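Colleague: I'd like to learn how to read a sheet and its surroundings. Could you take me through one example?
Modeller: Gladly, let's look at it together.

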Amino acid sequence: MTDAVSDAFHARHDGAPSSARGTIIVSGGSQGLGLTTVRCFLDAGYNVATFSRRESEGIRQMSERADFHWQALDCTDYSALTAFVQHVEKRFGGIDGLVTTPPPASKESSARCAWRKSTTRWTSTSRGSCT
């Protein structure tokens, strides 16, 4: 976890749209479990920001939504990840939860991810659930 994520999570401010229940970051949200998780949180009324190395058709379909943000990003790039988190915080007014999804069939990439390299422990406390 980056310090920027931890700081954004703990210092939520009034930038989020009033209709949103909060803001969730989902890593690897362009396909599979990550994309399903993104859709679930959007359907539940959350702002959702996600990143992945490549855009997908599912991402393109959601790209015009005001409550959604996607960026091409490799999670091993610590500075790009930090900039992404800072952008999400500015756009939506804070971060309320984090869901990490592993890249398909790549335990090695998942282990190298900057989320896991941080010394800061961060626990998601989102106020809702996806069912």
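**Reading a sheet from strand E1 outward**

Modeller: In this predicted model, let's start with strand E1, which is mostly covered: 5 of its 5 residues are buried.

Colleague: Which residues of E1 lie on one side and which on the other?

Modeller: The general idea is that side chains in a regular strand alternate between the two faces of the sheet. Here, Thr-23, Ile-25 and Ser-27 belong to one side of E1, while Ile-24 and Val-26 belong to the other. Every one of these residues is buried, so both faces of the strand count as covered; the cut-off for buried is under 20% relative accessible area.

Colleague: What is the order of the strands in the sheet?

Modeller: Reading across, the order is E3-E2-E1-E4, in an open sheet of 4 strands with parallel pairing. Strands E3 (68-72) and E4 (97-99) are at the edges with a single partner strand each, so each has one side without a neighbour in the sheet. On average, neighbouring strands are turned by 15° against each other, ignoring direction.

Colleague: And what packs on this sheet?

Modeller: Helix H4 (residues 78-92) does, touching E1, strand E2 (47-52) and E3. The direction of H4 makes about 165° with that of E3.

Colleague: Back to E1, then. How many bridges does E1 form with E2, and how many with E4?

Modeller: Take each pairing in turn. E1 (residues 23-27) pairs with E2 over 5 bridges in the parallel sense, and Val-26 stands opposite Thr-50 in E2. With E4, the parallel pairing runs over 3 bridges. On that side, Ile-24 is opposite Gly-97 and Ile-25 is opposite Leu-98.

Colleague: What kind of unit do E1, H2 and E2 make?

Modeller: To read such a unit, follow the chain from strand to helix to strand. E1, H2 and E2 make a β-α-β unit that is right-handed.

Colleague: Where is Ser-30 found, and is Ser-30 buried or exposed?

Modeller: Ser-30 is in the loop between E1 and helix H2 (32-43). A loop residue is read by its accessible area and its contacts. With a relative accessible area of 7%, Ser-30 is buried. Apart from neighbours within four places in sequence, Ser-30 is in contact with Leu-35, Ser-52, Arg-54, Ser-56 and Ile-59. With Ser-52, there is also a polar contact of 3.3 Å between the two side chains.

Notes. Residues are numbered from 1 along each chain as its sequence is written. This is a predicted model: local features need pLDDT of at least 70, side-chain atom pairs count only at pLDDT 80 or more; totals for chains, interfaces and linings use all residues. Side-chain values use heavy atoms; hydrogens and water are left out. Two strands pair if DSSP finds at least two bridges between them. Helices (H or I, at least four residues) and strands (E, at least two) are DSSP runs, numbered from the N terminus. Axes are lines fitted to C-alpha atoms, for helices over the stretch in contact, and angles run from 0 to 180 degrees between N-to-C directions. Contact means heavy atoms within 4.5 Å. Buried means under 20% relative accessible area, exposed over 50%, partly exposed in between (1.4 Å probe, protein chains only). A polar contact is a pair of N or O atoms within 3.5 Å; within protein, one must be able to donate a hydrogen and the other to accept it, and residues adjacent in sequence count only if both atoms are side-chain atoms. A crossover is right-handed if, with the strands pointing away from the viewer, the path from the first strand over the helix to the second runs clockwise.
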